[in-house]
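Grab a coffee and load the model in your viewer. Here are a few exercises, each with a worked solution to check yourself against.

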Amino acid sequence: MALTKSNKLYQTAVLKQILKRCSSLGKKHCFDEQGLPVDVPKGHFVVYVGEKRSRFIVPISFLTHPEFQSLLQRAEEEFGFDHDMGLTIPCEEVVFRSLTSMLR
């Protein structure tokens, strides 16, 4: 599904907000002075996947792939982007691992 320019701008702004306040769901991770997890390398962000909310660190470049954008749209429909849980992807872990291995 193609995204319009205004929709891309909105989604980009929302993703920037999410990336800044991505939560670790109670896991003990260290944060820097800006509140970002120190175990996440520059150019990456955290997503939570599956029933157990497994934590994955993925490159920002995934945001340009239509397959990943489709997952983000499903996440927005199911959970919305305005919550404190971090970016949660509604799909099974095995499916997410398969998709991300193809995107690398």
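**Exercise 1.** Which residue stands opposite Ser54 in E2? Work it out, then describe the surroundings of Ser54.

*Solution.* Keep in mind that this is a predicted model.
- Start with the pairing: Val49 is the residue that stands opposite Ser54.
- Now place Ser54 itself, which belongs to strand E2 (residues 54-59).
- Next, look at the contacts. Beyond the neighbours within four places in sequence, Ser54 touches Val47, Tyr48, Val49 and Glu93.
- Last, accessibility: the relative accessible area of Ser54 is 16%, and the cut-off for buried is under 20%, so Ser54 counts as buried.

**Exercise 2.** Trace the strand partners of E1, and say in which sense each pair runs.

*Solution.*
- Take E2: E1 and E2 run antiparallel and are joined by six bridges.
- The two form a hairpin with four residues between them, and Gly50 in the turn has a positive phi of about 80°.
- Then take E3: here the pairing with E1 is parallel, over two bridges. Val49 turns up again, standing opposite Ile89 in E3.
- As for cover, five of the six residues of E1 are buried.

**Exercise 3.** Find the buried residues of H3 and decide how they are arranged around the axis.

*Solution.*
- List them: Phe96, Leu99, Thr100 and Leu103 are the buried residues of H3.
- Check the arc: they span only 95° around the axis, so they sit on the same side of H3.
- Flip to the other side of H3, where Val94 and Met102 are exposed.
- Ask what does the covering: E1, E2, H2 and E3 are included.

**Exercise 4.** Describe how H2 meets H3.

*Solution.*
- Geometry comes as a pair of values: the axes of H2 (residues 66-79) and H3 (residues 93-103) come within 10 Å and cross at roughly 145°.
- On the H2 side the contact uses Glu67, Phe68 and Leu71, and on the H3 side Phe96, Leu99 and Leu103.
- Sort those by class and you get five nonpolar residues, no polar ones and one charged.

**Exercise 5.** How many salt bridges does the structure hold? Identify the partners.

*Solution.*
- The count is one.
- Arg97 pairs with Glu93, with 3.3 Å between the closest N and O atoms.
- The two are four residues apart in helix H3, which means they are separated by about one helical turn.
- Arg97 is partly exposed at 48% relative accessibility, and Glu93 is partly exposed too, with a relative accessible area of 25%.

Definitions and conventions: Residues numbered from 1 in each chain as written. Predicted model: local features only at pLDDT ≥ 70, side-chain atom pairs only at ≥ 80, totals over all residues. Heavy atoms only, no water. Axes fitted to C-alpha atoms, helices over the stretch in contact; angles between N-to-C directions. Contact = heavy atoms within 4.5 Å. Nonpolar A, V, L, I, M, F, W, Y, C, P; charged D, E, K, R; others polar. Buried < 20%, exposed > 50% of the residue type's maximum accessible area, 1.4 Å probe, protein only. Arc of directions from axis to C-beta. Salt bridge = Lys/Arg side-chain N within 4 Å of Asp/Glu carboxyl O. Pairing = 2+ DSSP bridges.
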